[in-house]
Every structure is written in structure tokens, then in C-alpha cells.
Amino acid sequence: MRIGITGHRGLGADVTAQVRALLAARVEGYAPADLVGVSCIADGPDAWFAEAVLARGGRLEVVVPAAEYRAGLPDWHHPVYDRLLAHAAEAHHTGLTESTSEAHQAGSEILVGLVDELIAVWDGKPARGYGGTADVVAYAERTGVPVRVLWPEGAAR
């Protein structure tokens, strides 16, 4: 089963702990030999999902939205990004250079095209900018990819 991830970044500590637990529980439902996780490995749910997939014994594929994508992520996340990218069985690239909202959406569209199901760590609200979680969910729904929303009850971002 090929599972993709999209989700909100910058979550508070309480929501972070809950989301990590939800992602780990979701990944536990798949046999390691059948599990392929696809992620852009940004800070937050993207990276947590990738870590859960690898901990479960699954295979990780990474989508790189732009050549400058890593530079646009927080400095503190670079070691995690590098470690996860090094563990990826395959990396998919958009061919874009600048890490813009358009590149992020292009990467997400590639990701959606690679998966059987999309996990969305999403509060159900509109995207705060183009290429946000709501836009990725809408794209998945338009293309017929099932979406499973994971959001802690009562949580806010």
C-alpha cells in the first residue's frame, strides 16, 4: 500500500504529541513489507510520518518540490531532512528550482499521483496560502485518491 502525507506545519507541543501518536497508530495498521510511505519530509507531519514508516520497517519515497526546497525549511530541521532523504528508496523531483508555493503544490500533486491513499493532518479549514493542506486534499479528491484526515479532537493550530 502506497500512502502519502500532507499536513500542517508549526503545530503546538500538545497537538504535536497527539498527531505523532495518530500517525504511528495509522502506520501500525500496515504490514511492513507492503508499506510504502511517500513524503516531502518537511518539518512536522511530513517528517513524523516518514519516521513512523521507517520505524515500522516500510519503504520511504521522497518528493522534492524544488532544488532549493531544503534551504527554505527551518535550519533546525536540516539534519532530520538529510537523514530521511538518505534513507529514501527513491526520490522524485518536480524539476523546479525555486521553493515557491507553486513548487510545493507541484510536489504535492506528484505525491498524490504516486499513492493509493493520502493521510491529511488537517483541521478542515481553508489553506492559509496556495499549496497548503486544504489545496492538496482538494487535489486528491478531484483525482479520486482517498483521503484519511487525522486531526486530534478539540485541537487547534
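Trainee: In which helix does glutamate 109 lie?

Mentor: Glutamate 109 lies in helix α4, and it should be said at the outset that this is a predicted model.

Trainee: Why is glutamate 109 called partly exposed?

Mentor: Its relative accessibility is 28%, and since the term buried requires under 20% while exposed requires over 50%, glutamate 109 falls in between and therefore counts as partly exposed.

Trainee: How far apart are the C-alpha atoms of glutamate 109 and alanine 134?

Mentor: The two C-alpha atoms are separated by 13 Å, although the residues are 25 places apart along the chain.

Trainee: What makes threonine 16 buried or exposed?

Mentor: Threonine 16, which is placed in helix α1, residues 13–28, has a relative accessible area of 17%; the limit for buried is under 20%, so threonine 16 is buried.

Trainee: How do you know that the side chain of threonine 16 has a polar contact with leucine 11?

Mentor: A polar atom of that side chain lies 3.3 Å from the backbone oxygen of leucine 11, and a polar contact calls for a pair of N or O atoms within 3.5 Å, so the distance satisfies the cut-off. Leaving aside residues up to four places away in sequence, threonine 16 touches Leu11 and Trp48.

Trainee: What makes the crossing of α4 and α5, and which residues meet there?

Mentor: The axes of α4 and α5 come within 10 Å and cross at roughly 40 degrees, and the crossing is right-handed. On the α4 side Gln105, Ser108, Glu109 and Val112 take part, and they meet Asp135, Val136, Tyr139 and Ala140 of α5. By character, the residues of this contact divide into four nonpolar, two polar and two charged.

Trainee: Which residues have the most contacts inside the largest nonpolar core?

Mentor: That core has 25 residues, and those with the most contacts inside it are Tyr69, Leu111, Val112 and Leu118. At least two residues each are supplied by β2 (36–39), α2 (45–56), β3 (59–64), α3 (78–87), α4 (101–114) and α5 (133–142), and the largest share, four residues, comes from β3. Apart from this core lies another, of 18 residues, including Ile5, Leu23, Val121 and Ala155.

Trainee: Which residues does leucine 118 touch, not counting those up to four places away in sequence?

Mentor: With those excluded, leucine 118 touches Gly4, Ile5, Thr6, Leu111, Val112, Val136, Ala140, Val145, Pro146, Val147 and Arg148. Among these partners, Leu111 and Val112 are also named with leucine 118 as having the most contacts inside the 25-residue core.

Definitions and conventions
Residues numbered from 1 in each chain as written. Predicted model: local features only at pLDDT ≥ 70, side-chain atom pairs only at ≥ 80, totals over all residues. Heavy atoms only, no water. Core = buried A, V, L, I, M, F, W, Y, C linked by side-chain atoms within 4.5 Å. Buried < 20%, exposed > 50% of the residue type's maximum accessible area, 1.4 Å probe, protein only. Contact = heavy atoms within 4.5 Å. Axes fitted to C-alpha atoms, helices over the stretch in contact; angles between N-to-C directions. Left-handed = near helix turned anticlockwise from the far one by under 90°. Nonpolar A, V, L, I, M, F, W, Y, C, P; charged D, E, K, R; others polar. Polar contact = N/O pair within 3.5 Å; in protein donor to acceptor, adjacent residues only side chain to side chain.
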